[in-house]
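The following paragraphs lead through a single protein chain, from its sheet to its core and then to one helix position. Please keep the sequence and the coordinates in view while reading.

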Amino acid sequence: MMPEKIGAYANMPVWTQVLIAIVGATITIVPLLVWSDKRVNRKHQHWLCPDCKKPFGIQEQYRFWAIKHKRLSTPPSRGPILRCPHCQKDFAFSPDGRQVDEDGNFV
Ligand SMILES: [Zn+2]
């Protein structure tokens with residue numbers, strides 16, 4: 001019977017309800033985070049290394065650069081840092097895939 005079930009939930013101690021809410025939120029959010037992380041990684045693996053012109057491939061570690069101080073020049077102010085598996089060098093990029101220097105200016 002439905003009313004009894006609702007009553008049972010309301011009679012639970014508050015900490016149990018909080019626990020259920022936390023567990024429920026974790027189950028919902030974690031796969032979403034993992035999914036969005038993998039999706040971003042997949043987008044970058046086709047970008048080419050400026051040195052050897054080979055694709056970066058899947059990154060072991062996903063890193064970002066960001067400008068902390070305000071600049072007068074145009075964005076980007078943040079983007080991914082990709083390591084070329086062939087040259088073992090790090091390269092900074094704008095979010096749309098153009099190479100930038102350490103100050104965030106287009107190369
Ligand atoms: Zn390379």
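In this predicted model, 4 strands form an open sheet in which the order is S1-S2-S3-S4 and the pairing is antiparallel. Strand S1 (63-66) and strand S4 (99-100) are the edge strands, each pairing on one side only. In general, the strands of a sheet pair through backbone hydrogen bonds, in either a parallel or an antiparallel manner. Between S3 and S4, which run antiparallel, there are 2 bridges; Ala-92 has Val-100 in S4 as its bridge partner.

The sheet belongs to a chain whose secondary structure comprises 2 helices and 4 strands. Read from the N terminus, the elements follow the sequence α-α-β-β-β-β. Of the contacts between residues at least 6 apart in sequence, 35% join residues at least 24 apart. Of the 107 residues of the chain, 8% count as buried.

Which residues make up the largest nonpolar core? The core has 6 residues, namely Phe-56, Leu-82, Cys-84, Phe-91, Ala-92 and Phe-93. S3 supplies the largest share of this core, with 3 residues. Ala-92, already met as the bridge partner of Val-100, is thus also listed among the core residues.

Cys-84, another member of the core, lies in the loop between strand S2 (78-83) and strand S3 (90-93). Why does Cys-84 count as buried? The reason is that 20 other C-beta atoms lie within 10 Å, and a residue is classed as buried at 20 or more. Leaving out residues up to four places away in sequence, Cys-84 touches Cys-49, Asp-51, Cys-52, Phe-56, Lys-89 and Phe-91. The C-alpha atoms of Cys-84 and Ile-58 are 9.8 Å apart, with these positions 26 residues apart along the chain. Phe-91, with neighbours within four places in sequence again left aside, is in contact with Cys-49, Pro-50, Leu-82, Cys-84 and Gln-99. Cys-49 therefore appears in the contact lists of both Cys-84 and Phe-91.

Asn-41 offers a position on a helix, being found in helix H2 (residues 14-44). Asn-41 is partly exposed because 17 other C-beta atoms lie within 10 Å, a count that falls between the limits of 12 or fewer for exposed and 20 or more for buried. Beyond residues up to four places away in sequence, Asn-41 touches Ile-58, Gln-59 and Tyr-62. For Tyr-62, which is 21 residues from Asn-41 along the chain, the C-alpha separation is 7.4 Å.

How values were computed:
Residues numbered from 1 in each chain as written. Predicted model: local features only at pLDDT ≥ 70, side-chain atom pairs only at ≥ 80, totals over all residues. Contact = placed C-beta atoms within 7 Å. Core = buried A, V, L, I, M, F, W, Y, C linked by C-beta atoms within 7 Å. Pairing = 2+ DSSP bridges.
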